[in-house]
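Hi everyone, thanks for making time for this. I'd like to walk you through one structure, so let's bring it up on the screen.

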Amino acid sequence: MVLMFELEIAGDIIFERIVSPWYWIDFLFYLLPAGREFKHHLKVLHGFTRSVIQEKKKKLLSGEKKENEKRKRKALMDVLLEHHIQMKTLTEEDIREEVDTFAFEGHDTTSMGMSWALYNIGLNKDVQEKIHEELDRIFGDDTERPVDTDDLKDMVYLDRVLKESQRLYPSVPVIARNISEETNICGYPIPKGSSCIVMVHQLHRDETVFPNPEKFDPDRFLPENCVNRHPYAYIPFSAGPRNCIGQRFALMEEKILISAILRNYTIESLCHRDKLPPALELILRATKPIPVRIRPRQRHSS
């Protein structure tokens, strides 16, 4: 809980810095109270990750790795630490950056992605009925069986629903890139060294790519409807060499948890979209709590 508090405060300061030009100069920012507070919270977060890495490294160096060797697949930290110890090409700070991505940056984005997905499902009764039908085909009346990898592959309609939800409500609504070489966008020269802000939330509403963009339509992501779509027209996890390293894991999490809910319950959203505008922050949150009604599913015996 303490780490989540530290992370939330640090995120708020980052967003405040983005929209406050007087914070853009590092020297000035770290002289001001906000910069000093940010440095404190960052120290706590990085200190936690470093301590975990050091503890794991000591175990590997002492030979405590028999249990890990029995696994078919190793954890990310194990792979990175073994590379660090054997090859010497990764530093502990390199590992800390990768672990931070999984430890801190994947929890809030995924939880809000699931919140918006359930909200959209609750608004669209026909979509929810199709999800229920798909889950019933996969699991039957067994509401307790754990989800396995084959089940995830079979959730093709739920997969499209989650993608459409991320189109309307991308967990990260804005991304930034530093322009590494002089380029031209739509006839406008962009000098090297510029900062480029990509409004993902707006990009996903391009009518030339997504007709009637405000309509929730999972069939936009049928294979035949994606064939000629530009690969950068839909980027909820960014794109290119800086795309999200955990995107497949995030979708697996969402499928598992949302399927567990909908195998047992029916969702009804109580607030229309025009009454629940999102708050444009680092993570796309609602401006107020998302009201939904959850009822146990009424199953009809055959």
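**Loops, a pocket and a patch**

Let's start in a loop: N212 sits between α11 (200–203) and α12. Before going further, please keep in mind that this is a predicted model. What is the sign of phi at N212, which is not a glycine? For N212 phi is positive, at about 50°. As background, most residues other than glycine have a negative phi. N212 also counts as exposed, because its relative accessible area is 51% and the cut-off for that word is over 50%.

There is another case to look at. K88 has a positive phi near 65°, and K88 is not a glycine either. You'll find K88 in the loop that links α5 (76–87) to α6 (92–104). Is K88 buried or exposed? K88 is exposed, with a relative accessible area of 64%.

Now let's follow the chain past α12. The loop between α12 (223–226) and α13 (247–262) holds C244. This residue carries an annotation: the UniProt record, an unreviewed entry, gives C244 the feature "binding site". How accessible is C244 in the model? Its relative accessible area is 32%, so C244 is partly exposed, given that this class runs between 20% and 50%.

Next, a pocket. The second largest pocket holds about 610 Å³ of space. Which elements give two or more residues to its lining? They are β1 (174–178), β2 (183–185) and β4 (195–199). Of the elements, β1 gives the most to this lining, with three residues. In total, 16 residues line the second largest pocket. If you'd like to centre your view there, R177, I185, C196, V198 and Y232 are the lining residues that lie nearest the pocket centre. And a reminder of the idea behind such searches: rolling a probe the size of a water molecule over the atoms shows where empty space is left.

Last stop, back towards the start of the chain. Which residues make the nonpolar surface patch of about 580 Å²? W22, I25, F27, L28 and L31 make up this patch. Let's pick out I25 from that group. I25 lies in the loop between α1 (2–18) and α2 (26–29). With a relative accessible area of 53%, I25 is exposed.

That's my tour, and I'm happy to turn the view back to any of these places.

Notes
Residues are numbered from 1 along each chain as its sequence is written. This is a predicted model: local features need pLDDT of at least 70, side-chain atom pairs count only at pLDDT 80 or more; totals for chains, interfaces and linings use all residues. Side-chain values use heavy atoms; hydrogens and water are left out. Patches are made of residues with over 30% relative accessible area and no salt bridge: like charges are joined within 9 Å, nonpolar side chains (Val, Leu, Ile, Met, Phe, Trp, Tyr) within 5 Å. Accessible areas come from the Shrake-Rupley method with a 1.4 Å probe; for residues, only the protein chains shown count as cover. A salt bridge is a side-chain nitrogen of Lys or Arg within 4 Å of a carboxyl oxygen of Asp or Glu. Helices (H or I, at least four residues) and strands (E, at least two) are DSSP runs, numbered from the N terminus. Buried means under 20% relative accessible area, exposed over 50%, partly exposed in between (1.4 Å probe, protein chains only). UniProt positions are given in the numbering used here, feature names are shortened, and annotations may be inferred rather than shown by experiment. On a 1 Å grid over the protein atoms alone, a cavity is a set of points where a 1.4 Å probe fits but cannot get out, and a pocket is an open set with protein on both sides within 12 Å along at least five of seven lines; lining residues have an atom within 4 Å of a point. Grid points are joined across faces, edges and corners, and a volume is the space filled by probe spheres set on the points.
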